[in-house]
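This report considers how nonpolar residues are distributed between the surface and the interior of the structure shown below.

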Amino acid sequence: MNWSGLENLLSGVNKYSTAFGRIWLSMVFVFRVMVFVVAAQRVWGDESKDFVCNTKQPGCNNVCYDHIFPISHIRLWALQLIFVTCPSLMVMAHVKYREGKDRKYTAVHQGSHLYANPGKKRGGLWWTYLVSLVFKAGFDTSFLYILYRIYHGYDLPRLSKCSLPPCPNTVDCFISRPTEKKIFMLFMVVSSAICILMCILEMIYLISKRILKVINVRNENQRVVFADQHELTAIAPPRSRYRRVDPTLAESQLSLSKREKTEGRQKTTLL
């Protein structure tokens with residue numbers, strides 16, 4: 001398996017990821033891929049050769065080994081890493097599709113762009129990124145469950161009993177370096193659990209950020225509508241609106257006062 005090519009391919013996803021996504025990529029490559037390539041393959045390289053049962057019955061060792069190890073840890077982890085990293089390629093493929101679409105739009109519309117930033121997680125790309133997180137967390141959880149069900153827990157016993165034919169009776173079988181293999185298995189399980197946690201935190205972060213953005217946009221729209229409905233037509237109202245009239249005055253007195261004011265204005269004009 002060409003892990004370096006996979007690493008170079010997925011490194012492009014780093015610039016389109018959030019902070020939690022970058023931590024997830026670091027966990028996958030440093031604590032899972034590197035440990036898998038450098039150490040785990042060597043530790044499990046002798047699991048079949050040094051598997052020993054206390055019998056010389058032909059075929060008994062092979063049958064017991066197949067019963068105790070239905071699938072090799074190395075192959076199971078290789079499948080897990082492939083399935084877990086593939087959803088990240090969905091995001092990068094979607095970004096490349098946006099970039100190609102933007103180039104075609106720019107060529108037709110004389111320099112104007114369809115996307116201000118093709119890698120911005122908006123619209124369909126936001127949903128693609130969220131779905132990729134769901135798939136990554138789901139694949140990791142599924143493989144952890146498969147490992148637990150196949151080996152009845154995350155443990156490797158030093159001694160295993162086997163009574164399958166063609167074994168003449170119940171025989172004792174021994175795994176080479178069970179403690180070292182158990183340590184590496186627990187390390188891979190814990191690193192997978194941390195990656196699942198990073199995916200969940202990133203999903204919460206994306207959804208919370210989207211909800212806050214929708215709330216802010218809605219509040220801003222409400223403020224704009226309120227301002228349009230209550231727009232002031234005049235800066236200061238006329239003084240006549242604030243002139244107080246004594247309600248106890250009779251209508252004749254009010255008309256008399258108005259007549260006196262009119263006569264006074266006429267005299268002032270004549271002078």
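L201 lies in helix α6 (residues 178-229) of what is a predicted model. Because buried means under 20% relative accessible area and exposed means over 50%, L201, at 31% relative accessibility, counts as partly exposed. Together with L197, I200 and I204, L201 forms a nonpolar patch on the surface, and these residues have about 320 Å² of accessible area together.

In soluble globular proteins, nonpolar side chains tend to be buried together. Here the largest nonpolar core has 43 residues, and those with the most contacts inside it are F51, C64 and W77. Two or more residues of this core come from each of α2 (19-43), α3, α4 (73-108), α5, β3 and α6, with α2 giving the most, 10 residues. A second core, separate from this one, has 11 residues, among them V91, M92, Y129 and L206.

| Nonpolar core | Size | Residues named |
|---|---|---|
| Largest | 43 residues | F51, C64, W77 (most contacts inside it) |
| Second, separate | 11 residues | V91, M92, Y129, L206 (included) |

Helix α3 (residues 60-68) shows how burial is arranged around one element: C60, C64, Y65 and I68 are buried, and because they cover an arc of only 125° around the axis, they are on the same side of α3. The face turned away from that buried side carries N62 and D66, which are exposed. As for their surroundings, the buried residues of α3 pack against two strands, β2 (159-162) and β3 (171-174), as well as against β1 (52-53) and helix α5 (124-151).

Definitions and conventions. Residues are numbered from 1 along each chain as its sequence is written. This is a predicted model: local features need pLDDT of at least 70, side-chain atom pairs count only at pLDDT 80 or more; totals for chains, interfaces and linings use all residues. Side-chain values use heavy atoms; hydrogens and water are left out. Buried means under 20% relative accessible area, exposed over 50%, partly exposed in between (1.4 Å probe, protein chains only). Helices (H or I, at least four residues) and strands (E, at least two) are DSSP runs, numbered from the N terminus. The arc is that of the directions from the helix axis to the C-beta atoms. Contact means heavy atoms within 4.5 Å. Patches are made of residues with over 30% relative accessible area and no salt bridge: like charges are joined within 9 Å, nonpolar side chains (Val, Leu, Ile, Met, Phe, Trp, Tyr) within 5 Å. Accessible areas come from the Shrake-Rupley method with a 1.4 Å probe; for residues, only the protein chains shown count as cover. A salt bridge is a side-chain nitrogen of Lys or Arg within 4 Å of a carboxyl oxygen of Asp or Glu. A nonpolar core is a set of buried Ala, Val, Leu, Ile, Met, Phe, Trp, Tyr and Cys residues joined through side-chain atoms within 4.5 Å.
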